[in-house]
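Please open the model in your viewer and keep the sequence panel beside it. The stops below each begin with a selection and then describe what is found there.

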Amino acid sequence: MATNVEEKQGNEQPSQESRHQEVGHKSLLQSDALYQYILETSVYPREPEPMKELREITAKHPWNLMTTSADEGQFLHLLLKLISAKNTIEIGVYTGYSLLATALALPDDGKILAMDINRENYELGLPVIQKAGVAHKIDFREGPALPAKNHGAFDFAFVDADKDNYWNYHERLMHLVKAGGVIGYDNTLWNGSVVAPPDAPMRKYVRYYREYVLEFNKAIAADPRVEICQLPVGDGITLCRRVS
Ligand code: SAM
Ligand code: CA
């Protein structure tokens, strides 16, 4: 998907030497038509009814820009099943789209510790989560803090709030997530701004958090405690597997 930053950059092509050498690359993020194709072919037809309902409710909310996209929701849902996750943490719930994707993927006795400083938006999605029969898996805590106990107890964490604190969360999660467990840091391409020149026009909040995202991306790439993969899904998600 084209971002504001990319639009402002125009059609300038990088020099031949600086272009990536990935044969299979299809410039997904730059093609609305391809993105639409993915949504219509693979995502919407398979989206569970409660997730569709929550997506439609969220679309009417004034801060709907914050929600997890349907393709990323599908990705998270499958990932959680692939790693047989049972206990997870989510930081940043909003109306609960990624939370519902998670809750539907966990076994019936699975548990999600979900944290957000705002309960009101969570309550907007809660009736859908209850109707889907997965509310019993969710322990929602209003507030920013991570639990101090339960070291090594979590199979997965999804971090989607508070971009200036990602590194602090990472240090805590290195203890809370078990060795072999997975952490997903969301929005690590930050609206495409990670490759924008510093003087490019950007919305204020994009500019504010950009430096933190750049710092985080550099630091996580150099952290020997994790294996990583940064994926161009949604606004970019960096998956980390804790190795030690
Ligand atoms: N994962 C959500 C979804 O799928 O819709 C989107 C989360 S939204 C991008 C970020 C959320 O983080 C907001 O609901 C906001 O209230 C919350 N937030 C902001 N600062 C926070 C903090 N310090 N601790 C916890 N949550 C925070
Ligand atoms: Ca996000």
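Among contacts in the protein chain between residues at least 6 apart in sequence, what percentage join residues at least 24 apart? In this predicted model, the share of such contacts that join residues at least 24 apart is 73%.

**The whole chain**

Begin with the protein chain coloured by secondary structure, where you should find eight helices and seven strands. If you then colour by burial, 37% of the 244 residues in the chain come up as buried.

**Helix α5**

Select residues 97-105, which form helix α5, and show their side chains. This helix is mostly covered, with eight of its nine residues buried; those residues are Tyr97, Ser98, Leu99, Leu100, Ala101, Thr102, Ala103 and Ala105. The next stops look at what lies around this helix.

**α4 against α5**

Add residues 70-82, helix α4, whose axis runs 8 Å from that of α5 at an angle of about 30°. Because angles under 35 degrees count as roughly parallel, α4 and α5 are described as roughly parallel to each other, and their crossing is right-handed. To see the contact itself, show Gly73, Leu76, His77, Leu80 and Lys81 on the α4 side, which meet Tyr97, Ser98, Ala101, Thr102, Leu104 and Ala105 on the α5 side. Sorted by class, the residues of this contact are six nonpolar, four polar and one charged. On the spacing of such positions along a helix, it helps to recall that an α-helix has 3.6 residues a turn, so residues three or four places apart point the same way.

Now centre the view on His77, which belongs to helix α4. Is His77 buried or exposed? His77 has 22 other C-beta atoms within 10 Å, and because 20 or more are needed for a residue to count as buried, His77 is classed as buried. Leaving aside residues up to four places away in sequence, His77 touches Ala101, Leu104 and Ala105. For a longer view, draw a distance from the C-alpha of His77 to that of Thr188, where 111 residues of sequence separation correspond to 19 Å in space.

Move along α4 to Ala70, which also has its place in this helix. Ala70 is buried, with 20 other C-beta atoms within 10 Å, and beyond residues up to four places away in sequence it touches Leu39, Val43, Tyr44, Glu47 and Arg55. A distance drawn from Ala70 to Arg242, C-alpha to C-alpha, spans 27 Å, while the two are 172 residues apart in sequence.

**α3 against α5**

Return to α5 and add residues 49-59, helix α3; the two axes come within 10 Å and cross at roughly 175°. That crossing makes α3 roughly antiparallel to α5. Which residues of α3 meet α5? Select Pro50, Met51, Leu54, Arg55 and Thr58 in α3, which meet Tyr97, Leu100 and Ala101 in α5. By class, this contact has six nonpolar residues, one polar and one charged.

**Around ligand 1**

Next, select ligand 1 and display its surroundings, where 19 residues form the shell and the closest are Thr68, Gly92, Ser98, Pro144 and Ala161. The elements that contribute two or more residues to this shell are α5 and β2, the latter spanning 111-116. By class, the shell consists of nine nonpolar, seven polar and three charged residues.

**α7 against α8**

Turn to residues 166-176, helix α7, together with α8, and note that their axes come within 9 Å and cross at roughly 35°. Show Tyr166, Trp167 and His170 in α7, which meet Tyr212, Phe216, Ala219 and Ile220 in α8. The contact of α7 with α8 comprises six nonpolar residues, one polar and no charged.

**Two loop residues with positive phi**

Finish with Ser84, in the loop between α4 and β1, where phi is near 50°, a positive value in a residue other than glycine. Ser84 is exposed, with 12 other C-beta atoms within 10 Å. Then select Asn191, in the loop between β5 and α8, which has a positive phi of about 60° although it is not a glycine. Asn191, by contrast, counts as buried, with 21 C-beta neighbours inside 10 Å.

Definitions and conventions. Residues are numbered from 1 along each chain as its sequence is written. Chains are lettered from A and ligands numbered from 1 in the order in which they are written. This is a predicted model: local features need pLDDT of at least 70, side-chain atom pairs count only at pLDDT 80 or more; totals for chains, interfaces and linings use all residues. Axes are lines fitted to C-alpha atoms, for helices over the stretch in contact, and angles run from 0 to 180 degrees between N-to-C directions. Helices (H or I, at least four residues) and strands (E, at least two) are DSSP runs, numbered from the N terminus. Angles under 35 degrees count as roughly parallel, over 145 as roughly antiparallel, 65 to 115 as roughly perpendicular and the rest as oblique. A crossing is left-handed if the near helix is turned anticlockwise from the far one by less than a right angle, and right-handed if clockwise. Two residues are in contact if their C-beta atoms, placed from the backbone, lie within 7 Å. Ala, Val, Leu, Ile, Met, Phe, Trp, Tyr, Cys and Pro count as nonpolar, Asp, Glu, Lys and Arg as charged, and the others, Gly among them, as polar. A residue is near a molecule or strand if its C-beta atom, placed from the backbone, lies within 6 Å of it.
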